[in-house]
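Q: I'm new to this structure and would love some help finding my way around. Could you take one part of it and go through that part closely, with enough background to place it?

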Amino acid sequence: VQLQACGGGLVQAGGSLRLSCAASGSIFSINAMGWYRQAPGKGRELVAAVASGGGTVYADSVKSRFTVSGDNVQKTVYLQMNSLKPEDTGVYYCRAQKSRAYGAGQTDYWGQGTQVTVSS
């Protein structure tokens, strides 16, 4: 599985950006996709994720500002980011979770990351 993310950039506080991530390769059995971010000097944290059944999860810090959505056929995930704050700055990584055969657990795949910078 390969993940190609795009849509990052530089935006002023209060602005919006939309990230997208497309999976390719052996995408069968991908059951969840999402976004993580890593700010300078900090660890990687979950931003938002969506499961193939449509369920979503968000970090508390982005609820009501960000919206995650996905295309379960194309295995693409989007992140609409509104009312951006300087603390949203970081490298945003796309993640896909794929079921292994015979119920042998899950495998995680990561994209290359896209930089989001929010200026004050």
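A: Happy to, and let's begin with charge: the chain has 11 positive and 6 negative charges, and their mean positions are 4 Å apart. Here Lys and Arg count as positive and Asp and Glu as negative, without His or the chain ends, and each charge is placed at NZ of Lys, CZ of Arg, CG of Asp or CD of Glu. This is a predicted model, where local features need pLDDT of at least 70 and side-chain atom pairs pLDDT 80 or more, while totals for chains, interfaces and linings use all residues. Numbering starts from 1 along each chain as its sequence is written, and side-chain values use heavy atoms, leaving out hydrogens and water.

Now the overall fold. The chain has 11 strands and zero helices (DSSP runs numbered from the N terminus, E of at least two residues for strands, H or I of at least four for helices). The radius of gyration, taken over C-alpha atoms, is 14 Å, close to the 14 Å of the globule rule for 120 residues, so the chain is as compact as a globular protein of that length (the rule is 2.2 Å times the number of residues to the power 0.38). The C-alpha trace spans about 50 × 25 × 20 Å along its principal axes. Of the 120 residues, 38% are buried (buried is under 20% relative accessible area, exposed over 50%, partly exposed in between, with a 1.4 Å probe and protein chains only).

The part I'd like to show you closely is the disulfide. In this chain the count comes to one disulfide, a pair of cysteine sulfur atoms within 2.5 Å. The partners are Cys21 and Cys94, with sulfur atoms 2.1 Å apart. Cys21 sits in strand E3 and Cys94 in strand E9 (residues 90–99), so this pair, 73 residues apart, links distant parts of the chain. The torsion about their S-S bond is about -85°, and therefore the disulfide is left-handed. Both Cys21 and Cys94 are buried.

What about Cys6? Its closest cysteine sulfur is in Cys21, at 8.5 Å, which is too far for a bond. Cys6 is partly exposed, with a relative accessible area of 43%.

Strand E3, home of Cys21, also holds Arg18, which is partly exposed at 44% relative accessibility. Setting aside neighbours within four places in sequence, Arg18 is in contact with Cys6, Gly7, Tyr78, Leu79 and Gln80 (contact means heavy atoms within 4.5 Å). Arg18 and Asn82 are 64 residues apart in sequence, with their C-alpha atoms 8.6 Å apart in space. For the chain as a whole, 54% of the contacts between residues at least 6 apart in sequence join residues at least 24 apart.

Follow the chain onward from strand E3 (17–24) and you find Ser29 in the loop before strand E4 (30–38). Its phi is near 75°, a positive value in a residue other than glycine, and Ser29 is partly exposed at 26% relative accessible area. Lys75 also has a positive phi, about 55°, although it is not a glycine. Lys75 lies in the loop between strand E7 (66–71) and strand E8 (76–81), and at 10% relative accessibility it counts as buried.
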